[in-house]
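Let's walk through a structure together, one question at a time. Have the sequence and the 3D view open as we go.

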Amino acid sequence: MTSGSFQNLPINDVLLDTSNPRIRRFLEIYDQDKIGENQIGLALNAPSSDSPSALADTTTPQRLRESIIANRGIRQPVIVNKQADGSLICIEGNTRLWIYRDLHKKGATGDWSKIPALVHSGLENESIDAIRLQAHLVGPRPWDAYSKARYLHDLQNKELMPLERIVALCGGNQRDVTRSIQAYSDMEEFFRPLCEPGEFNTERFSGFVEYQNPRVQEAILTNGFSGVDFAEWVKDERIGPLREVRQLPAVLKDKNARAIFLKDGMKMAVKALDRDTENVDLQNATLGQLASALESKANQTSMAELRSFKEDDGATLRHIEAAIDALRFLQAQISGDV
Amino acid sequence: MSGESEEHALLVSRLADFVKSQHGYGGNLALYLDDQARGRERPQRIGNHLPDIYAEDVPRSFVVIGEAKTQLDLVSPRSRRQIGTFIRHLALYDAAFFYLAVPFLAKPAATTLVRELGCGHEGVKMQILTMDIDF
């Protein structure tokens, strides 16, 4: 495979690739002769996964679009294959091409009529697969969360780039960007001074991201603790998996659980809290008690039970899926993310 | 939009302009606004209440909460609880500002309320913004 040549191609000269694996599963529902721009656009704008983690996907089509607008273009050219009949197929960067076309069609400010492209001629299927695999299955090695935060922090505080500009370049999510910068800043202020050389563990960064939740911070401060105390809890692993930070408001509120937390750590404190939820009549239980019991039950599921769930014609799964939907909605309502 | 919610939306919009002009000069202001605009990032809940405006600089050296109240809404027990929660939350920070935007005629009631709820939280700088609203 040659290295290809760099060109600025007119957007309408390049065909979107309907065989692209990302969108093929969506396009299969249509009559193959009737697939047009609209169907491809819908497919390209779909989230990249059905899993809940898709919500945390940082490169949603919307964010990519915002980032392209803020950048006034793409920095990474799309990859195009010039076929024997002269037609140009976009084999990598279909979403970016579609965004260019859409911006051009809607008359967005800027020149969206041409797109930077790396053009190869007569690529074999094997080479096309190699390009797709490298781009999507191996992909560029992502930075860890701490390194991303440090970079954003330095952009803002050393390069003096305005926050608004950073948010725009990152695809428009102000909360993610500010949380990341603030978490980096708190970790440097509270955590680093506690560490001996070589002891600073960037994997503890996610705890400081959780610390940005107003509920968590309010619970810490109103109970007479400080950011330094929090950093100490993180350092001495009194808070284990860092998602346990979310349990802090409930634990600090309960006198008994708080004492256990300070002495033995979060796991024991949560156990003490959960003890109150045991032996509660199902009908009279609060939602919190039910959720706690559900979590505990799910964690104790045996292989035999798992097998029986698989064989009960989906009766259990149906209830689990309905509960997950309802709880996820409730979670978003409570945490104010909607 | 009803007259009441139209008035509230106007107060929120003026309040946002005020916060930007007072605190946005460094280019580091993260402002969250609950104005029902589609796709806009809203503030997070403080206690059980959603403020109309939440802003802070990044990295944080101050926090701002802004609330807009129509004359009718201002005297409700819910507003009292809400404003009390916001002021108590702000008192946790070294530099904090609370702005209450009300129509001009509601200023006396707003002053009494803020004075009462702000008692014991002198570290929080509080200001009442009045606006003339014509319909």
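Reader: Hello! At 2% relative accessibility, does A:F191 count as buried or exposed?

Author: First, a word on the basics: this is a predicted model, where local features need pLDDT of at least 70, side-chain atom pairs count only at pLDDT 80 or more, and totals for chains, interfaces and linings use all residues. Residues are numbered from 1 along each chain as its sequence is written, chains are lettered from A and ligands numbered from 1 in the order in which they are written, and side-chain values use heavy atoms, with hydrogens and water left out. Buried means under 20% relative accessible area, exposed over 50% and partly exposed in between, with a 1.4 Å probe and protein chains only. The value for A:F191 is 2%, so this residue counts as buried.

Reader: A:W233 and A:F261 form an aromatic pair; which kind is it?

Author: Rings of Phe, Tyr and Trp (its six-membered ring) pair if their centres lie within 6.5 Å; planes under 30 degrees apart count as stacked, over 60 as edge-to-face and the rest as tilted. Here the centres are 5.0 Å apart and the planes meet at 80°, which makes the pair edge-to-face.

Reader: How many residues apart in sequence are the parts that this pair ties together?

Author: Helices are DSSP runs (H or I, at least four residues), numbered from the N terminus. A:W233 lies in helix α11 of chain A and A:F261 in helix α13 (residues 255-264) of chain A, so the parts tied together are 28 residues apart.

Reader: What is the relative accessible area of A:F261?

Author: Its partner A:W233 is buried at 4%. A:F261 is buried too, and its relative accessible area is 0%.

Reader: Which residue has its ring face under A:R192?

Author: A charge sits over a ring if NZ of Lys or CZ of Arg is within 6 Å of the ring centre and within 35 degrees of the ring normal. A:R192 lies 3.8 Å from the ring centre, over the face of A:F200.

Reader: Which helix gives the largest share of the lining of the second largest pocket?

Author: A pocket, on a 1 Å grid over the protein atoms alone, is an open set of points where a 1.4 Å probe fits, with protein on both sides within 12 Å along at least five of seven lines; lining residues have an atom within 4 Å of a point. This pocket is lined by 19 residues. The largest share, 5 residues, comes from α8(A).

Terms used:
Helix = DSSP H or I, 4+ residues; strand = E, 2+ residues; numbered from the N terminus.
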